[in-house]
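Visitor: Please take me through the ligand site closely, then show me the fold around that part.

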Amino acid sequence: MNSNSSQPKGHEPVALITGTSSGFGLLTALTLARLGYKIVATMRDLERRDELIQQAEQAGVLERMHLLALDVTDEASVAAAVQATLELTGRIDVLVNNAGLAVGGFVEEVDMEAWRRQMETNFFGLIAVTKAVLPVMRAQRSGLIINVSSVSGLTGFPGYAPYAASKFAVEGFSESLRQEMLSYGVRVVIVEPGSFRTPIWSKGIAGIHNPEGSPYRARLEEVLRYSRRSAETAPDPQQVADLIGRITAKRAPRLRYPVGKGSRMLMIGKALLPWKVLEGIISRSLRAMK
Ligand SMILES: NC(=O)c1ccc[n+]([C@@H]2O[C@H](COP(=O)([O-])OP(=O)(O)OC[C@H]3O[C@@H](n4cnc5c(N)ncnc54)[C@H](OP(=O)(O)O)[C@@H]3O)[C@@H](O)[C@H]2O)c1
């Protein structure tokens, strides 16, 4: 454990992570376990646990891993998982709100059920887990909540309005929560990754319909081409897990941590450039992806 760690001394710190069946969640579970955390690795479907168990075994951290079922869209499942965590560990030092999915399509063509699923998972789910953990951290007078947002929480891209809306909501929620919890010793941080190579893109792209005869067909095809290319060429998601590891060791973390070239460039671009210039750059990048 890093000597600068703000985690309380004298006991093994505990991290509860959502969505650990793949991607950032799985890598974060392994990374924090290597840093000395006891991990409560949660996933909505425990049948998808094999990859995490296998990698934890290889990394020699399996004994630090406790797997629990947690579907962020099911309040009873959230309450049961937090209760089981407390029975197991007696405390929660770090919560990583990572579970998420990406719904895409042009606004007019995304059905309301898909809009709701997007918000239920990425936004209301994150709130439900946070609300269940807050009383624990407030009573401890310590804790760190890391909300995994996205570059899409900073700038909306065409073809991914549901995803952008959910992540913008996470950003506003986190700003308010951070200020509410400051005097209770609970710190709130937002991690904002650009594109990284995880299964989220193939899952999301598979769910996008681009029907024959749609007035948006050609534009949506550009977006899909861009997404497929990004999914193939995106960097190693371990960078995000490593960043989360570093954040847990900080006594006074910042609010926002953009990670990945695209995310940092967009953050600077959005701060410095007029919106019209920025949307021109986004549009040219999409068209260039032939
Ligand atoms: N990869 C990127 O480029 C990127 C960039 C910016 C932000 N992000 C964010 O990073 C987070 C992790 O995504 P990822 O890229 O690592 O993708 P991923 O590999 O698809 O992981 C998403 C995880 O969330 C889980 N999940 C989905 N719905 C859930 C629910 N209702 N309850 C509990 N868990 C649920 C998934 O479980 P199943 O296996 O059961 O589906 C999976 O474990 C997400 O919040 C995503 O928006 C990703």
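Guide: Here is the ligand site, followed by the sheet and helices.

The model is predicted: local features need pLDDT of at least 70, side-chain atom pairs count only at pLDDT 80 or more, and totals for chains, interfaces and linings use all residues. Residues are numbered from 1 along each chain as its sequence is written, and side-chain values use heavy atoms, with hydrogens and water left out.

Start with the shell. The ligand is surrounded by 30 residues (a heavy atom within 4 Å of the molecule). Ser21, Ser22, Arg48, Tyr163 and Thr198 are the closest. Helices H1, H5 (161-181) and H6 (200-206) each give at least two shell residues. H6 gives the largest share, three residues. Helices (H or I, at least four residues) and strands (E, at least two) are DSSP runs, numbered from the N terminus.

Now the polar contacts (pairs of N or O atoms within 3.5 Å). A polar side-chain atom of Trp201 sits 2.8 Å from a ligand oxygen. A polar backbone atom of Gly23 is 3.4 Å from an oxygen of the ligand. For Gly194, a polar backbone atom is likewise 3.4 Å from a ligand oxygen. Alone, the ligand exposes 890 Å², and the protein buries 97% of that (Shrake-Rupley areas, 1.4 Å probe).

Next, the sheet. Seven strands form an open sheet in the order S3-S2-S1-S4-S5-S6-S7, with parallel pairing (two strands pair when DSSP finds at least two bridges between them). S3 (65-69) and S7 (256-259) are the edge strands; each has a single partner, so one side of each lacks a neighbour in the sheet. From one strand to the next, the twist averages 20 degrees. S4 (residues 94-97) and S5 (residues 143-148) run parallel and share four bridges. Asn97 stands opposite Asn147 in S5.

H1 (residues 23-34) lies across S1 (14-17), S2 (38-43), S3, S4, S5 and S6 (186-193), at about 175 degrees to S1. Angles run from 0 to 180 degrees between N-to-C directions of axes fitted to C-alpha atoms, for helices over the stretch in contact. Contact means heavy atoms within 4.5 Å.

Last, confidence. Mean pLDDT (per-residue confidence, 0 to 100) is 93 for the chain, and 96% of its residues reach 70 or more. Residues 1-6 fall below 50. Where pLDDT is low, predicted coordinates should not be read in detail.

Notes. pLDDT = per-residue confidence, 0-100. Polar contact = N/O pair within 3.5 Å; in protein donor to acceptor, adjacent residues only side chain to side chain.
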